[in-house]
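Thanks for coming. I'll take a few minutes to go through one model, starting with a single residue and working outwards.

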Amino acid sequence: MSVRCGIGYDLHRLAEGRKLIIGGIELPFDKGPVGHSEGDVLAHALCDALFGAAGLGDIGTHFPDNDPKWKGANSLLFLEHARKLLVENRFAIEHVDAVVILERPKLGPHFPKMREALARSLGVSAQKIHLKAKTNEGVDAVGRGEAIACHVVATLSTL
Ligand SMILES: [Zn+2]
């Protein structure tokens, strides 16, 4: 068995009147990410980490933002598609570790639901999905609440 790691990063601007969806879960908040899709930073960074580990390009390769098919798309569909590609290429997900960076709202209480949603989309147990949240200590655009960012590392094994 060989093991491979991939890294993913995403950032979206936040604007009023948009739904805040992180890890496939809608959170009550007055702002949400601006983007062609739902702007789910966690799902997007996770996709990129999986594609990176598998050597399958990136999220833009598979879901071009000029393709109307993906406009407003449910981010979990991206993950389900990534899962299919991993299986086709004989990879299994060993572990996912993520850190979401935002000032507000507090994410901790929502982590169990997010882990469930992500794990279901990826066809793995929720124990394989580890989530963390950080603020940006008031610094930069993320610190001013103007943006949300996410880093993910995914570890795959070959089947
Ligand atoms: Zn994104």
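Let's begin with Ser37, which is buried, at a relative accessible area of 7%. For burial the cut-off is under 20%, so Ser37 qualifies. Bear in mind that this is a predicted model.

Where does Ser37 sit? Its place is in the loop between β4, residues 31-33, and α1. Neighbours within four places in sequence aside, Ser37 is in contact with Arg18, His44, Trp70, Gly72, Ala73 and Phe78.

One of those contacts, His44, brings us to the metal. Which protein residues are donors of the zinc ion? They are Asp10 through OD, His12 through NE2 and His44 through ND1, at 2.0 to 2.1 Å from the ion. Along the chain the spacing reads D-x1-H-x31-H. Asp10 and His12 are both buried.

Next, helix α1, residues 41-54. Its 14 residues, at 1.5 Å a residue, should span 20 Å, and the end C-alpha atoms are 20 Å apart, so the two agree. Of those 14 residues, 13 are buried, so to speak mostly covered. Gly55 comes just after α1 and has a positive phi of about 65°.

Last, a second serine. Ser121 lies in helix α4, residues 111-122. Is Ser121 buried or exposed? It is buried, with a relative accessible area of 3%. A polar atom of the Ser121 side chain lies 3.0 Å from the backbone oxygen of Ala117. In an α-helix there are 3.6 residues a turn, so residues three or four places apart point the same way. Beyond four places in sequence, Ser121 is in contact with Leu76, Leu79, Glu80 and Arg83.

Note on methods. Residues numbered from 1 in each chain as written. Predicted model: local features only at pLDDT ≥ 70, side-chain atom pairs only at ≥ 80, totals over all residues. Heavy atoms only, no water. Donors = N, O, S within 2.8 Å, 3.2 Å for Na, K, Ca; no water. Buried < 20%, exposed > 50% of the residue type's maximum accessible area, 1.4 Å probe, protein only. Helix = DSSP H or I, 4+ residues; strand = E, 2+ residues; numbered from the N terminus. Expected span 1.5 Å × (residues − 1). Contact = heavy atoms within 4.5 Å. Polar contact = N/O pair within 3.5 Å; in protein donor to acceptor, adjacent residues only side chain to side chain.
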